[in-house]
Amino acid sequence: MFYKETGQFKSRYKDELAAFPLFEDKIGIGILCVLTFLVIPMFGLPGLNYEFAMGAIMIPCMVFIIMTLGLNILLGFAGQISLGTGAFSGVGAYAFYKFITIFPDINIIIALVLSGLVSAVVGVIFGLPSLKIKGFYLIVATLAAQFFLTWAFIRVAWLYNYNASGAIEGPNKEMFGIIMIGPQSAGMTRYYFVLVTLIVLTWLASNVIRGRIGRSWMMIRDMDIAAELIGIRPLVAKLSAFAFSSFYIGIAGALMVFFWLGAAEAESFDINHSFLYLFMVIIGGLGSITGSYMGAIFVWVVPVLIKEIGKSVFGFDAFVMENFSTILLGAMIIIILILEPHGLARLWQITKQKLRLWPFPY
Amino acid sequence: MKKHIIGAAVALGTLISTVSMSFAEELLVPHLTYRVGPFAANGTMGANAITDYFTMLNERDGGIGGLKVNPEECETGYNAQKGVECYESYRGKNPLMHIPNSTGITLQLLQKAPEDEVPIFTMGYGLSAAAKGETFPWAFNYPASYWSQMTSILSYIDSETGLKGKKIAFLYLDGGYGREPLPLLDKLEPKMGFETVRIPVAFADSQNQGSQWLTIRKEKPDWVIMWGWGVMNITAVKEAAKTRFPLDRFIGNWWSGGHVDVEALGMKAKGYKASNFTPAGRDFPVVQDVIKHVVSKGLTKTEPDMPGKVLYNRSLFMAVVMAEAIIEAQKLTGKANVTGADVRKGFEMIKLDEARLKELGFEGFTPVIGSCADHEGQGSIFVQQWNGKDWEKITDFIPPMTDIVQPLLTEAADTYKSDKPGWKTQNCS
Amino acid sequence: MEILHMIFIAPFLDMVALPDLFFQGLWDGFVGGTLYALLALGFVLIFKASGVFNFSQPILMVLAALALVSFYEMGINPWISVALVLLLMYALAYGVERVILRNLVNQDGNILFMSTIGLTFVIIGAAQWIFGGVPRSMIHAELGFPVGSSEWPMFGGAVYFEHIDISAVVLASSLIAILAVFFSKTKIGRGLRAVADDHQAALSVGISLNQIWVIVWFVAGIVALVGGLFWGARSDVSFALQIIGLKALPVLIIGGFTSVPGAIIGGLIIGLGEKIFEIYWGPMMGGSVEGWFAYVIALVFLLFKPQGLFGEKIIERV
């Protein structure tokens, strides 16, 4: 009823391959765009303090979506498991910090892309063992990255410019005459910057995945030997997956520190964050871009909501709520893996299916 | 299904109404807590003590200046990211100050506070350079910075064995907190003629310090100074005993000298020393008041034997400084419902001298006297020693080496602001 | 030149200069290595029997130790507490089999692995909720383990042996030996290997998959309890032990995933290697290298000898 494709005819292949072939999808995306570009920056989220809505919900959610997209490329599309996401995001953050402090006049966008590239290179280096091994073996390789890199973030004082605190801090920095990062930047500016970055990166990801490289990733994931037989080079496919994934994760890391937190220590990139990002991918849905959105938002927002509800409605203290959300998150993972390995994205598809027939199921 | 949706909607509705409830006439004093996570033992005690003190004020005096204090907690789990989230959640609610309770979180908030005009109070932790009120108008680390503390400890060592030509092992938790004194040591080594061996303990290795103590055995230092926290402390004391290091040459900083750090070891930890500025004991009138008005009435989660322990008393002291700043702010503005900016001025006017401390029931604690330029108070510390059953105060107050520390702090403060164009300072002259 | 000297000569000079220290390092590393080996064995068991890479093994260790201490603190006799913990471990094994494994039969290894990460978080939250997150002392003395220490003078210095460490080595090695025998000689052990080889073939000759899974998870729980007991005695019982337990993973890589002797040798290599490396090479790198040393060694193995020292040659490699 509300979601039907009958009557929408395509006469060219190009139309079939469009990002949003259905009219309803276009409306939906349009509404989303209006919401995110106009409504939310103007009014915030309903019932929430404006600054809180921007600083603790919207910006982190978008940053985590980019993070999840990156990990999903590796795990969901290329089938390579990684527990080093936190550290790779740190590489991006520290690289960004070095770029903007060594070259104070550098454009933020260029610095961001460069730090993504640095992260990509590091990702490829630690991805090298994936050429020989897979599955659990790779977990240990990525754990090596996780522990070694976080150690380096602390030990290599050059990374944080030898400052006493050992933290990287975002200085005030302008782009086109507007302060983009640093304590004096406005929440709304940072919001728009992250939003645009998110859209660009989503667009890039969806096209790469639909293209030649993306298909080669999925072939490697589904059956590496068969993929090799029909001419996919595992070397190129796997390493490009690592590179792409780490590029996204690196950018997300830089955004996280400089557009959201404002400063960070090595602990912002520790193994618990790697788990958090992994959960976002699993809950959202392996191998789905929509899923990355849903997973990141779900894993970030639900604990915040639970805590607020628990505190204000039931009067539970933080200790109980914190443990409760840890259990809930773990249980969600198990339940989703058992019932619906494709996560929230699959549920969304089912909903769409239902909407197509509703209210006259046959 | 429908039921669930309705349930969720109701829950969300209540949530929204509570969140958007405008602030009533009360003094909102948020403090960030960590009742979960690796340091939960210490965090829970501290959080309870702060809440207890304000509950006691509410019960006994009806709040401060006639307004009830709301010591609202926000759970961080000692995680910087969650700390920022907590900070954000208080925006627009007129928080009077922020108590990050973690050096890592402090570093993140230092930059935000001036923009939001909320003072940050970090008692006994945080960035040392924040002691410089001209550069850091919005941060306070009474009664002394880590750097001041380090020089006090060094002068204690000097008085015991002499410092020149001595080898000192510095065992520290590998994080913003533990690394704080490193730049100071760099400067002091050549100046005072001692040598340090720096031995970091990664957080993950807190409980597995075998290698660190083998290194100490290899280096044979004359003294070991520790900047530890949580379970790292007890492990270090245990390992020291294991490697036969003389415990009376092993001295912790004020976060390494709680009851929880040695109690379980009992006699095995006898001789271990630590610096402190908040003496332990239940006989202080203020502790008695808290027991009377709060603990015995069951208004708290504090276990009855907690009041009087080192860390509990320290958090009480933290709360009294917070309350004092509010009182000063109320005096200054003449109204009860003050703002963060007023409290900032209140902090600068704090005068907790011995007389005032006695009046408040804190006799024997380190006096805290602030000013516009001095946000640390340059307080003194004393050294305490574990006698197998309890902490014993073994020295008088040892002042920091002001002439050495202050120029270094100024230098550090200048470096801090040098790469931050547009950093807000104030003029105190 | 100076750097080469620092890396290749100075540490060895240090070793010779203070031999007692070197032996102390070896002993400490040996104790750690034995415990790593024990934990790694827990992984190997479950991996062999169900193809699950059990990420929750380290948290099982924390849970067992925490539960033991908490039961004791409730005033229960220490040995009855041990029995209760064993009961808890059995209940957990049963629950895991019922709720997770049974529903994920024949799934991809990655899915199973991720489900154990989920389980890890459920256990973290629940254990913290019930038992609290406060670090606590292990009750090894109450259980009758020796607590003193002895000195063994040598080369002008002395090597210190903690008695609890000696009992750790003895108990852990005997448990390893028992498990090895259990694995190769008993009926259950044979069934276990049959399941590892081919689920369907094992089913067809009448081996109950579900029963085998409960058994291996229970055995992993026992391993966790012993590991937790001694790590808890060496340091304290808290959630930080999880990170220590994770080091069993690189041990597995080095030893080979499916091999019992591999787990032992791998454990010792990591245990000894990381101690010696930390003491003699750590300071020049800024210290705290123990956190990643094991993983980097494992990484080298992955690149050059992915099947590990004793692993089966046909591993899943590309």
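Strand β1 (residues 149-154) and strand β2 (residues 157-162) of chain C pair in the antiparallel sense over six bridges, where helices (H or I, at least four residues) and strands (E, at least two) are DSSP runs numbered from the N terminus, and two strands pair if DSSP finds at least two bridges between them. Within this pairing, C:Trp152 has C:Val159 of β2(C) as its bridge partner. The hairpin has two residues between its strands, and C:Phe155 takes a positive phi near 45° there.

The model is predicted, and local features were taken only at pLDDT of at least 70 and side-chain atom pairs only at pLDDT 80 or more, whereas totals for chains, interfaces and linings use all residues. Residues are numbered from 1 along each chain as its sequence is written, and chains are lettered from A and ligands numbered from 1 in the order in which they are written. The model scores ipTM 0.85 and pTM 0.86. Chain C averages a pLDDT of 84, with 97% of the residues at a score of at least 70; pLDDT is the predictor's confidence in each residue, from 0 to 100. Among the elements of chain C, helix α1 (residues 2-17) has the lowest mean pLDDT, 78, and helix α4 (residues 78-99) has the highest, 92.

Chain C touches chain A through a contact that takes 38 residues from chain C and 36 residues from chain A, two residues being in contact if their C-beta atoms, placed from the backbone, lie within 7 Å. On the side of chain C, the elements that give two or more residues are α5 (109-131), α11 (248-255) and α13 (290-304), and the largest share, 17 residues, comes from α5(C). The residues of this side divide into 25 nonpolar, eleven polar and two charged, with Ala, Val, Leu, Ile, Met, Phe, Trp, Tyr, Cys and Pro counted as nonpolar, Asp, Glu, Lys and Arg as charged, and the others, Gly among them, as polar.

Chain C also touches chain B, in a contact that takes 26 residues from chain B and 30 residues from chain C. The elements of chain B that give two or more residues to this side are α2 (40-61), β8 (195-201), α9 (210-219) and α10 (231-242), and α9(B) provides the largest share, six residues. By class, this side of chain B has 13 nonpolar, eight polar and five charged residues.

One part of this contact can be followed in detail, since two packed helices are described by the angle between their axes and the distance between the axes. Helix α9(B) packs against helix α12 (residues 260-281) of chain C at an angle of about 40°, with the axes 9 Å apart; axes are lines fitted to C-alpha atoms, for helices over the stretch in contact, and angles run from 0 to 180 degrees between N-to-C directions. That angle makes α9(B) oblique to α12(C), because angles under 35 degrees count as roughly parallel, over 145 as roughly antiparallel, 65 to 115 as roughly perpendicular and the rest as oblique. The crossing of these two helices, α9(B) and α12(C), is right-handed, the near helix being turned clockwise from the far one by less than a right angle, whereas an anticlockwise turn is called left-handed. Here B:Gly210, B:Ser211, B:Leu214, B:Thr215 and B:Lys218 of α9(B) meet C:Lys275, C:Glu278 and C:Ile279 of α12(C), a contact with two nonpolar, three polar and three charged residues.

Within chain B, α9(B) lies across β7 (167-173), β8 and β9 (223-227), running at about 165° to β8(B). These strands belong to an open sheet of seven strands in the order β8-β7-β9-β10-β11-β14-β15 of chain B, with mixed pairing. At its edges stand β8 and β15 (391-393) of chain B, each with a single partner strand, so one side of each is left without a neighbour in the sheet. Neighbouring strands of the sheet are turned by 25° against each other on average, direction ignored. Strands β11 (residues 273-276) and β14 (residues 382-386) of chain B run antiparallel and are joined by four bridges, and B:Asn276 has B:Phe382 of β14(B) as its bridge partner.

Two loops of chain B deserve a look at the backbone. Most residues other than glycine have a negative phi, and most peptide bonds are trans. A cis peptide bond, with omega of about -5°, joins B:Tyr142 and B:Pro143, and B:Pro143 is in the loop between β6 (139-140) and α6 (146-161) of chain B. B:Asn94, which is not a glycine, has a positive phi of about 55° and is placed in the loop between α3 (80-89) and α4 (103-109) of chain B.
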